[in-house]
Amino acid sequence: GSTSCSPTQAGTGASRAVSFEAAACLDGGGGLRGIFASGRDITDQQELEHQLRDTQSYTRALIESNIDAIMTADPVGGITDVNEQMVALTSRTREELVGSAFKTYFTEPDRAEEAIRLVLTEGKVTNYELTALSQEGRETVVSYNARAFFDRDGRLKGVFAAARALTEPRTLEGQPREQQPYRRGLIESSGDARITVEPHRLSPQ
């Protein structure tokens with residue numbers, strides 16, 4: 001048997017997509033007696049598939065255009081989707097993140113896990129502060145806002161969360177505290193009068 005899909009004309013002149021299935025009918029000696037064929041109108045199914053693809057593309061564009069680190073997780077805290085900002089925040093690939101535990105990427109995993117529990121019990125969490133930890137050990141304090149989401153039948157599907165950085169990423173190895181008094185000493189030891197000025201103060205009033 002075989003299956004094919006081809007457009008056909010309806011009585012109104014409109015084009016319809018039809019799925020055809022055909023099978024050979026053989027006699028006792030193996031000779032061909034005829035062909036059995038059936039057709040099914042799949043126009044509506046194809047339209048729904050197109051709409052679904054358009055919706056998925058639109059949703060992906062919304063997620064990726066967000067300046068916050070976005071992720072979705074299942075009810076047990078497993079990551080199901082992320083945007084590129086989340087990839088940058090954790091220094092992990094999307095493939096590494098999806099399927100892993102949400103709590104893994106924070107300095108206090110227990111508090112991160114508690115954030116998921118709060119969303120599931122209260123429906124949402126706002127301004128929940130966590131410290132994200134990248135693969136290189138870079139720490140970034142973030143404010144998490146999260147909300148539970150449900151399917152059309154009201155069944156819990158998971159958590160949608162957005163993290164906004166509250167501080168610039170900090171790496172102790174990159175800027176030792178010992179450098180701060182050293183720079184202060186350079187300024188104070190100079191024989192000249194030295195000041196620093198913010199850029200917006202330079203414009204004339």
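**An enclosed cavity, the nonpolar core and a buried aspartate**

In this predicted model, the search for enclosed space returned 1 cavity of 30 Å³ or more. The elements contributing two or more residues to the lining of the largest cavity are H4, E7 and E8, and H4 provides the largest share of that lining, with 3 residues. The space within the largest cavity amounts to about 50 Å³. Its walls are formed by Phe102, Ala115, Ile116, Val119, Val125, Tyr144, Ala146, Val159 and Ala161, so that, when classified with Ala, Val, Ile, Phe and Tyr counted as nonpolar, the lining comprises 9 nonpolar residues and neither polar nor charged ones.

The overall architecture comprises 5 helices and 8 strands, which succeed one another along the sequence in the order β-β-β-α-β-β-α-α-α-β-β-β-α. Of the 205 residues of the protein, 24% count as buried. Among contacts in the protein with a separation of 6 or more, 33% are accounted for by residues 24 or more positions apart.

The largest nonpolar core contains 27 residues, and those with the most contacts inside it are Met71, Met86, Phe102, Phe106, Leu130 and Tyr144. At least two residues of this core are supplied by each of strand E4 (69-73), strand E5 (79-82), helix H2 (84-90), helix H4 (109-122), strand E6 (124-133), strand E7 (139-150) and strand E8 (156-165). Two of the residues named for their contacts inside the core, Phe102 and Tyr144, also appear in the lining of the largest cavity. Leu130, for its part, touches Phe102, Phe106, Arg111, Ala112, Thr140, Val141, Val142 and Tyr144, when residues up to four places away in sequence are not counted; among these partners, Phe102, Phe106 and Tyr144 are likewise listed with the most contacts inside the core.

A charged residue was examined next. Asp68 is located in the loop between helix H1 (43-65) and E4, and it is classed as buried because its relative accessible area is 10%, under the 20% limit that defines the class. The side chain of Asp68 is joined to that of Arg164 by a polar contact of 2.7 Å. With residues up to four places away in sequence left out, Asp68 touches Asn83, Gln85, Ala162, Ala163 and Arg164; Arg164 thus appears both among the residues touched by Asp68 and as the partner in its side-chain polar contact.

How values were computed:
Residues numbered from 1 in each chain as written. Predicted model: local features only at pLDDT ≥ 70, side-chain atom pairs only at ≥ 80, totals over all residues. Heavy atoms only, no water. Core = buried A, V, L, I, M, F, W, Y, C linked by side-chain atoms within 4.5 Å. Buried < 20%, exposed > 50% of the residue type's maximum accessible area, 1.4 Å probe, protein only. Helix = DSSP H or I, 4+ residues; strand = E, 2+ residues; numbered from the N terminus. Contact = heavy atoms within 4.5 Å. Polar contact = N/O pair within 3.5 Å; in protein donor to acceptor, adjacent residues only side chain to side chain. 1 Å grid on protein atoms, 1.4 Å probe; cavity = no way out; pocket = protein on both sides within 12 Å on 5 of 7 lines; lining within 4 Å. Points joined across faces, edges and corners; volume = space filled by probe spheres on them.
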